[in-house]
Amino acid sequence: MLALMQLAILQSGGRTLALLLRELQDEAELFASPNTLAELEQQLLIMAQTLSHLPEALQLQLPQLDWHGWGTLQALLEQPGSPRREAVWYALNALVPATLDMLHQLRQRHPVWFDMKL
């Protein structure tokens, strides 16, 4: 049941990020908006922490995932004031889309894992 909740958290985080990014024009606009940036970073941290706590069996189902990238991002986001602009931009443009795509593929292979009625 825990893995189901974790997968739901990741999907929800992805949807929230997409909504927050929808109105932004470019990187400069994102980093000029402290409130939006703070919310994006919070969602990224939730996703990174969730991924770090996935059961090993589920992690093994996602070997292509950039585990190192997510771990680095988590460490940066957990340190107040650490320089992280490049890491956040990379996460929004590479880590998140790739992770959500892998979760979509995993859902197609194992739909029962995503069935919240279990």
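## The buried pair Glu41 and Arg84

In this predicted model, Glu41 and Arg84 are both buried. The two residues form a salt bridge, with their closest N and O atoms 3.1 Å apart. This pair links distant parts of the chain: Glu41 belongs to helix H3, which covers residues 34-52, while Arg84 lies in the loop between helix H5 (67-78) and H6. The two positions are 43 residues apart.

## The partly exposed pair Glu27 and Arg85

A salt bridge also joins the side chains of Glu27 and Arg85, at an N to O distance of 3.4 Å. Here too, distant parts of the chain are linked, with the two positions 58 residues apart in numbering. Glu27 is in helix H2 (residues 27-31), and Arg85 is in helix H6 (residues 85-109).

How accessible is Glu27? Its relative accessibility is 28%, so Glu27 counts as partly exposed. Arg85 has a relative accessible area of 42% and is therefore partly exposed. Both values fall between the cut-offs of 20% for buried and 50% for exposed.

## The exposed pair Arg22 and Glu23

The side chains of Glu23 and Arg22 meet in a salt bridge with an N to O distance of 3.5 Å. Arg22 is exposed, and Glu23 is exposed as well.

## Overall count

How many salt bridges does the model contain? The count comes to three. Among them, the bridge between Glu41 and Arg84 has two buried partners, whereas the bridge between Glu23 and Arg22 has two exposed partners.

Definitions and conventions:
Residues are numbered from 1 along each chain as its sequence is written. This is a predicted model: local features need pLDDT of at least 70, side-chain atom pairs count only at pLDDT 80 or more; totals for chains, interfaces and linings use all residues. Side-chain values use heavy atoms; hydrogens and water are left out. A salt bridge is a side-chain nitrogen of Lys or Arg within 4 Å of a carboxyl oxygen of Asp or Glu. Buried means under 20% relative accessible area, exposed over 50%, partly exposed in between (1.4 Å probe, protein chains only). Helices (H or I, at least four residues) and strands (E, at least two) are DSSP runs, numbered from the N terminus.
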